[in-house]
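These are my notebook entries on one protein model. I recorded what I looked up, in the order in which I looked it up.

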Amino acid sequence: MTDIDELTGLFEALGADDAPGWADSEAEENIPQLARYRFLRMVWQDIDAWSAAAPDWVEAYRKAGLAGGAVERALRLGLTPGELGEIAREVAKETAFGLLYGLADPADGDLPPETEARLPGWCLAELSPEGRPTGRVLDALYEDLDEVEPQGPTGGAA
């Protein structure tokens, strides 16, 4: 089995729609696509949980939580837990995008450029399966967030 075959198989195991394309990109461009895909897949699992588990969190929020009153009013106005889940999913998606964008470009424009130039930044780096740094950085993850979005039903508004 070649490295590209192994990579393709790993992308397929993670559920990538275009496993060969992701694998080719990693092999030919030396971009840590497997690590990128795995990370973004995890982000999407968390985003989708807001719609898939809406009945559970809606009930829990009704009983306790800062948003309990708002959830109760929304239900009284006729929104279903599934509809609330779809709203929550979109908020989670926008939040994830903002965090991923901030990871790539921490300068938010609120500070003078001379202050910004003196501040530290950050990065998300790939580790080998053994836990050793590979030297490759997962940069600009926000660019692939929509590409990794699951295309099937999320379990929300039904």
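In which helix is F97 found? I looked up this residue first and found F97 in helix α6. The model is a predicted one, and I kept that in mind for every entry below.

**Entry 1: F97.** I next asked how much of F97 is open to the surroundings. Its relative accessibility is 34%. Buried means under 20% and exposed means over 50%, so F97 counts as partly exposed. I then looked up its contacts, leaving aside neighbours within four places in sequence, and found Y142 and L145. I also checked F97 against R38, which is 59 residues away along the chain. The C-alpha atoms of F97 and R38 are separated by 16 Å.

**Entry 2: A104.** I stayed in helix α6, where A104 also lies. A104 has a relative accessible area of 31% and is partly exposed. Not counting residues up to four places away in sequence, A104 touches D139, A140 and Y142. I noted that Y142 is a contact of F97 and of A104. The C-alpha atoms of A104 and L141 are separated by 7.5 Å, although their positions lie 37 residues apart along the chain as a sequence separation.

**Entry 3: A140 and N30.** The contact with A104 led me to A140. I located A140 in the loop between β2, residues 133-137, and α8. Its phi is positive, about 50°, although A140 is not a glycine. I recorded this because most residues other than glycine have a negative phi. A140 counts as buried, at 12% relative accessibility.

I looked up N30 for comparison. N30 is not a glycine either, and has a positive phi of about 55°. The place of N30 is the loop between α2 and α3. Is N30 buried or exposed? At 52% relative accessibility, N30 counts as exposed, whereas A140 counts as buried.

**Entry 4: the order of elements.** I then turned to the whole chain. The protein has eight helices and two strands. Along the sequence, I read the pattern α-α-α-α-α-α-α-β-β-α. The radius of gyration is 20 Å, whereas the globule rule gives 15 Å for 158 residues; the protein is therefore more spread out than a compact globule. Taken along the principal axes, the C-alpha atoms fill a box of roughly 55 × 50 × 25 Å.

**Entry 5: the nonpolar cores.** Which residues have the most contacts inside the largest nonpolar core? I found that they are F11 and Y37, in a core of 21 residues. Five helices each supply at least two residues of this core: α1 (3-14), α2 (19-29), α3 (33-52), α6 (81-104) and α8 (145-148). Helix α3 gives the most, with seven residues. Apart from this core lies another one of eight residues, including W57, A74, L75 and L84.

I listed the contacts of Y37, not counting residues up to four places away in sequence. Y37 touches F11, L14, G15, A16, D17, W22 and V148.

**Entry 6: two further residues in helices.** I looked up E6 and found it in helix α1. E6 counts as partly exposed, at 44% relative accessibility. E6 and A23 are 17 residues apart in sequence, and their C-alpha atoms are 8.7 Å apart in space.

I looked up P55 as well, which lies in helix α4, residues 54-63. P55 counts as partly exposed, at 48% relative accessibility. From P55 to T80 I recorded 25 residues in sequence and 8.8 Å in space, C-alpha to C-alpha.

**Entry 7: totals for the chain.** What share of the 158 residues counts as buried? The value I noted is 32%. Among contacts between residues at least 6 apart in sequence, 57% join residues at least 24 apart. The protein exposes about 10,000 Å², and carbon and sulfur atoms supply 55% of that area. I ended with the charges: the protein has 12 positive and 32 negative side chains. The centres of the two sets lie 10 Å apart.

Key: Residues numbered from 1 in each chain as written. Predicted model: local features only at pLDDT ≥ 70, side-chain atom pairs only at ≥ 80, totals over all residues. Heavy atoms only, no water. Helix = DSSP H or I, 4+ residues; strand = E, 2+ residues; numbered from the N terminus. Rg over C-alpha atoms; globule rule 2.2 N^0.38 Å. Buried < 20%, exposed > 50% of the residue type's maximum accessible area, 1.4 Å probe, protein only. Contact = heavy atoms within 4.5 Å. Areas by Shrake-Rupley, 256 points an atom, 1.4 Å probe, with all protein chains shown as cover. Lys, Arg positive; Asp, Glu negative; His and termini not counted. Charge placed at Lys NZ, Arg CZ, Asp CG, Glu CD. Core = buried A, V, L, I, M, F, W, Y, C linked by side-chain atoms within 4.5 Å.
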